[in-house]
Structure formats: C-alpha cells, structure tokens
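Got the viewer open? Let's take a short walk through this one, picking a selection at each stop.

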Amino acid sequence: MGSQNKEQRELTVLVTGFGPFREQYPVNPSWEIAKGLPSHLPPLRAKDPNSRAAQELPPVRILVHPEPIRVNYKVVRDLVPSFWDTYQGHKIDIAIHIGMASPRPFYQIERRAHRRGYKSLDVDNELLDDGPEGKPDDAEWIWHGLPDEILTDLDIDDVHRRWQGHSSKDMDLRISEDPGRYLCDFIYYSSLAHLYKANRPRKVVFLHVPSDASDAYVSQGRELAVNLIRSLVESETDKVDGSGDGA
C-alpha cells in the first residue's frame with residue numbers, strides 16, 4: 001500500500017467541545033481549544049525529514065462542530081447521531097470529543113465509556129428521561145442490549161505513546177479508564193453506542209483537559225489536541241498499512 005500513499009484520500013477528523021458549566025466555569029476550555037484548531041493538520045516539522053510519519057500521512061481535514069455543545073443530556077443524545085452519517089458534506093473517519101476535568105494540570109484520553117450511572121444533574125438541573133440507570137429491561141430503550149461499557153476501537157496505548165512522542169516532555173499525558181459518568185462520559189458513550197449499533201468501527205476518543213481557560217492553557221491544549229490528531233492518524237495509517245513500528 002506504500003506506493004499508493006500519494007493517492008490516499010483525505011481523512012476527516014471531527015472535534016467537539018462543551019459550553020459553559022454553571023457559574024464557576026463561564027468559559028469552557030474544551031470549546032476554546034476546539035474552536036481555534038486549524039482546518040487541516042499542519043505538516044510535521046520532523047526531526048528526521050526522511051521518517052515515514054513525515055512523508056506518508058494522508059491529508060487530514062479537521063472539522064470543528066461550529067458551536068459549543070450544551071452540557072445537557074437531551075441535547076447530547078439528540079445531537080450525536082448527526083455526527084456519524086454525512087457531516088458538513090464529509091464522512092467522519094475519527095471523532096474527538098473534548099471536555100474539561102477538575103482543576104488538575106494533566107491531560108488524559110479515555111479508553112471506555114458507560115451506559116448507566118448518570119446521577120448528576122446537567123446545567124439545566126435535569127436528568128435523563130430514562131433515569132440514572134436507564135431502562136435495561138425495556139426493549140424500546142435506546143441502549144437496550146448494549147454493554148454497560150463500550151471501548152473505543154482506536155489503539156489507545158499506541159496513540160498515547162505517539163502523543164507523548166509528539167509533545168513536550170514536560171506535558172503530563174495519561175490514559176484514563178473512567179470518564180466520570182457525567183456529560184463527558186455520556187457524549188462518549190453516545191458516539192460509541194451509535195457506532196456499535198450500526199456495526200461500524202468505533203473510531204472515537206474522548207480528551208479530558210484541565211479546567212483552566214487562561215490563554216496559556218488554551219494554547220497548550222490546542223497544541224496537544226493537534227498532536228493527538230496526528231497521533232491518531234499515524235496509528236490508524238500504520239494499522240492499515242500493516243507496518244506499525246511496534247511499541
């Protein structure tokens with residue numbers, strides 16, 4: 001497949017961010033990071049210009065959902081399916097949902113999301129109509145018959161390693177196994193579940209960023225988001241080529 005790389009079609013990565021979270025977070029850094037991303041993945045300023053990664057990545061379009069997503073269960077449930085058919089005229093290859101975590105200085109990508117356990121009120125002081133534990137015995141429930149946990153099909157360990165390699169060594173980048181059973185977990189499960197039900201590859205990941213919305217943190221988060229996109233595309237491209245460079 002290597003000889004055909006110049007003919008590879010453009011990959012499209014969708015990125016979403018959330019809106020304000022109550023009075024204490026009037027500016028959500030996840031949206032500030034997302035809205036400033038470039039429209040295409042910039043060329044890698046590689047230490048070794050002859051490296052595979054520098055030469056053989058397909059072109060990558062970055063589509064940002066044009067507005068912050070309201071931190072509301074119903075809004076998320078209604079919105080997510082629209083991402084996965086044709087979005088803004090493009091087929092989405094990979095999606096990154098970004099959300100903020102507590103005031104902590106590290107960044108983490110989530111491996112899994114949860115079907116039940118959503119007991120915290122959203123910004124409109126509402127819970128899901130189907131309740132915190134859902135309706136697993138109701139055949140009409142949107143998530144009836146699905147696993148309580150769904151994992152992304154992306155190779156999170158490989159992506160994490162690449163992400164660290166592209167990023168400054170002082171960045172604290174982690175893998176998490178628990179997105180928190182709030183809107184971050186919920187949007188992640190919503191995308192994973194939609195793809196699972198459609199028997200489609202679950203090429204979606206959730207990125208948790210610090211809650212600090214200062215210019216410095218937003219700029220840092222944006223750089224790390226670009227590095228993550230590059231890492232995801234490298235990982236997927238190597239997987240398709242069957243020529244991964246190992247751990």
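Start by selecting Arg9, Leu11, Asp93, Lys203 and Glu236: of the 17 residues that line the second largest pocket, these lie nearest its centre. Bear in mind as you look around that the model is predicted.

Stay with this pocket for a moment. Its volume comes to about 360 Å³. Colour the lining by class and you should get 9 nonpolar, 6 charged and 2 polar residues. Which helix gives the most to the lining? That's H6, with 3 residues.

Next stop: H6 itself, so select residues 215-241. Within that helix, pick out Thr237. Is Thr237 buried or exposed? Its relative accessibility is 8%, and because buried means under 20%, Thr237 counts as buried. Now show what is around Thr237: leaving aside residues up to four places away in sequence, it touches Gln8, Glu56, Leu57 and Pro58.

For the last stop, jump to Asp85. You'll find Asp85 in a loop, with helix H3 (73-79) on one side and strand E3 (86-87) on the other. Here the relative accessibility is 51%, and since exposed means over 50%, Asp85 counts as exposed. Asp85 still has contacts to display: select His90, Lys91 and Arg200, which Asp85 touches when residues up to four places away in sequence are not counted.

To finish, put both residues on screen together: Thr237, buried in helix H6, and Asp85, exposed in its loop.

Note on methods: Residues are numbered from 1 along each chain as its sequence is written. This is a predicted model: local features need pLDDT of at least 70, side-chain atom pairs count only at pLDDT 80 or more; totals for chains, interfaces and linings use all residues. Side-chain values use heavy atoms; hydrogens and water are left out. Helices (H or I, at least four residues) and strands (E, at least two) are DSSP runs, numbered from the N terminus. Buried means under 20% relative accessible area, exposed over 50%, partly exposed in between (1.4 Å probe, protein chains only). Contact means heavy atoms within 4.5 Å. On a 1 Å grid over the protein atoms alone, a cavity is a set of points where a 1.4 Å probe fits but cannot get out, and a pocket is an open set with protein on both sides within 12 Å along at least five of seven lines; lining residues have an atom within 4 Å of a point. Grid points are joined across faces, edges and corners, and a volume is the space filled by probe spheres set on the points. Ala, Val, Leu, Ile, Met, Phe, Trp, Tyr, Cys and Pro count as nonpolar, Asp, Glu, Lys and Arg as charged, and the others, Gly among them, as polar.
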